[in-house]
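Please open the model in your viewer and keep the selection tool at hand. The stops below go from one selection to the next, with a note on what is to be found at each.

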Amino acid sequence: MTKKLIVDISHHQPNSKINWEQAAKEVALFVIRTQYGTSTIDREYKKHVASCKQYGIPFGHYIYTLFKDKNDAIREAKDFLSRCDKDAKFLVVDVEVQTTKTKAEMAPATQVFIDYLKANDSRPVGLYTGHHFYKPYGMDKVKADFLWIPRYGKNDGTPSKKPDYACDLWQYTEKGRVNWYGGYLDLNQLNGSRSLEWFIGVESMPPAPTEKLMWGKTEFKKGQIGRVTILKPINLWIDNEEGKLEMVRILKPDDQFRVYGYRDKYGGQYDVGGGHWVTKMDGYIKYETPSKALLAQAAEVYS
């Protein structure tokens, strides 16, 4: 059976009532709540995390936010980050009701929350927000790595009415039924260009050419014009079928990649193989070229 279920859970789905062995055969991804605001810790989240790890099920984390202003959003973000398990694939900020004094403050405070997470963690950060909430509260102006919107339609456990807005994840019911849990579940499906592999962090670059010549500690290969070393977490991009950039994953410091070309688009980008690109950003990457002697030697070897 192909795993395709994407399920978000909280303490409303007690860990002991889930048949995890069966769930592992069907669930591609769990999104586990860590807390409700700052003071209410989800009493099941650590058990859910332990079970996901035991049965090899990828998972991410989300927080139901209750921040009152920008400063409170930062405090809540810090608290959320401190509770997120290191093996969570991504983080989600769940914004569903007005918690700030004015309606106009919601989007800026949400952005501050997301920006804090992105500045202090290398994982993708998503925004979950209500279909009715999205435009009236300015959530369409908030920038995140992905968007997750609920819209239930018939709400009978099957997908029916898609969101009116472009999003990456669609929560299509809150009354999902499965054979490994006795109650209702929130069920979701992919709704944009993001693949399941993008969410669970297993997409990888295609292998580079096999011919090689040693260049210090890095293999210098045919066609290579240099290498980049990652200094700070930075996005790895690929051109999708529509010719637009799509983020694949976040590269970590000290990773090194061979460079095969350069283009001026988007402020300058290095081709690191397989149609993948790293943006030229001062302080985030270090670019080096092999010596002229090594290039001449390589040309001779590969002629």
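Begin at the largest pocket of this predicted model, where strand β14 supplies the largest share of the lining, namely three residues. If you select β7, β13 (234-239) and β14 (245-251) together, you will have the elements that each give two or more residues to that lining. The lining counts 20 residues in total, and those that lie nearest the centre of the pocket are Ala144, Asp145, Phe146, Asp168 and Arg194. Its volume comes to about 430 Å³. As background to a selection of this kind, rolling a probe the size of a water molecule over the atoms shows where empty space is left.

Stay with β14 and select leucine 245, which has its place in that strand. Is leucine 245 buried, partly exposed or exposed? Its relative accessibility is 22%, so leucine 245 counts as partly exposed, given that the buried class ends at 20%. With sequence neighbours up to four places away set aside, the contacts of leucine 245 are Trp237, Ile238, Asp239, Arg263, Tyr266 and Gln269. A distance label between the C-alpha atoms of leucine 245 and tyrosine 266 should read 9.5 Å, for a pair 21 residues apart along the chain.

Next select lysine 244, in the loop that runs between β13 and β14. Lysine 244 has a relative accessible area of 56% and is therefore exposed, the threshold for that class being 50%. Beyond the residues up to four places away in sequence, lysine 244 touches Ile238 and Asp239, and both of these also appear among the contacts of leucine 245.

For the next stop, zoom out and colour the whole protein by secondary structure, which shows six helices and 19 strands. Of its 303 residues, 51% count as buried. The accessible surface comes to about 15200 Å², and carbon and sulfur atoms account for 49% of that area. When contacts between residues at least 6 apart in sequence are considered, 60% of them join residues at least 24 apart.

Now turn to the interior, bearing in mind that in soluble globular proteins nonpolar side chains tend to be buried together. The largest nonpolar core holds 26 residues, and the members that touch the most others are Val95, Phe113, Leu117 and Met139. Elements contributing two or more residues to this core are α3 (70-83), β5 (91-95), α4 (106-120), β6 (125-129) and β7 (146-150). Helix α4 gives the most, with seven residues. A second core, separate from this one, has 23 residues, including Val7, Ile9, Val27 and Trp170.

Select α4 by itself: this helix has 15 residues and spans 22 Å from its first C-alpha to its last, close to the 21 Å expected at 1.5 Å a residue. Which residues of α4 are buried? They are Met106, Ala107, Ala109, Thr110, Gln111, Val112, Phe113, Ile114 and Leu117. Showing β4 (59-64), α3, β5 and β6 as surfaces will bring up part of what covers them, since these elements are included in the cover.

Within α4, pick phenylalanine 113, whose contacts outside its neighbours within four places in sequence are Ile63, Thr65, Phe67, Ala73, Glu76, Ala77, Phe80 and Val93.

One of those contacts, phenylalanine 67, is the next selection, in the loop between β4 and α3. Phenylalanine 67 has a relative accessible area of 0% and so is buried. Its contacts, apart from residues up to four places away in sequence, are Asp72, Ala73, Glu76, Val95, Thr99, Thr100, Met106, Ala109, Thr110 and Phe113. Threonine 38 lies 29 residues from phenylalanine 67 in sequence, with 8.6 Å between their C-alpha atoms.

From there move to aspartate 72, in helix α3. Aspartate 72 counts as buried because its relative accessibility is 17%. Its contacts, leaving aside neighbours within four places in sequence, are Leu66 and Phe67.

The last stop is asparagine 155, in the loop between β7 and β8 (169-178). Asparagine 155 has a relative accessible area of 15% and is therefore buried. Check its backbone as well: phi is near 55 degrees, a positive value in a residue other than glycine. Most residues other than glycine have a negative phi.

Conventions:
Residues are numbered from 1 along each chain as its sequence is written. This is a predicted model: local features need pLDDT of at least 70, side-chain atom pairs count only at pLDDT 80 or more; totals for chains, interfaces and linings use all residues. Side-chain values use heavy atoms; hydrogens and water are left out. A nonpolar core is a set of buried Ala, Val, Leu, Ile, Met, Phe, Trp, Tyr and Cys residues joined through side-chain atoms within 4.5 Å. Buried means under 20% relative accessible area, exposed over 50%, partly exposed in between (1.4 Å probe, protein chains only). Helices (H or I, at least four residues) and strands (E, at least two) are DSSP runs, numbered from the N terminus. Contact means heavy atoms within 4.5 Å. The expected span of a helix is 1.5 Å times one less than its number of residues. Accessible areas come from the Shrake-Rupley method with a 1.4 Å probe; for residues, only the protein chains shown count as cover. On a 1 Å grid over the protein atoms alone, a cavity is a set of points where a 1.4 Å probe fits but cannot get out, and a pocket is an open set with protein on both sides within 12 Å along at least five of seven lines; lining residues have an atom within 4 Å of a point. Grid points are joined across faces, edges and corners, and a volume is the space filled by probe spheres set on the points.
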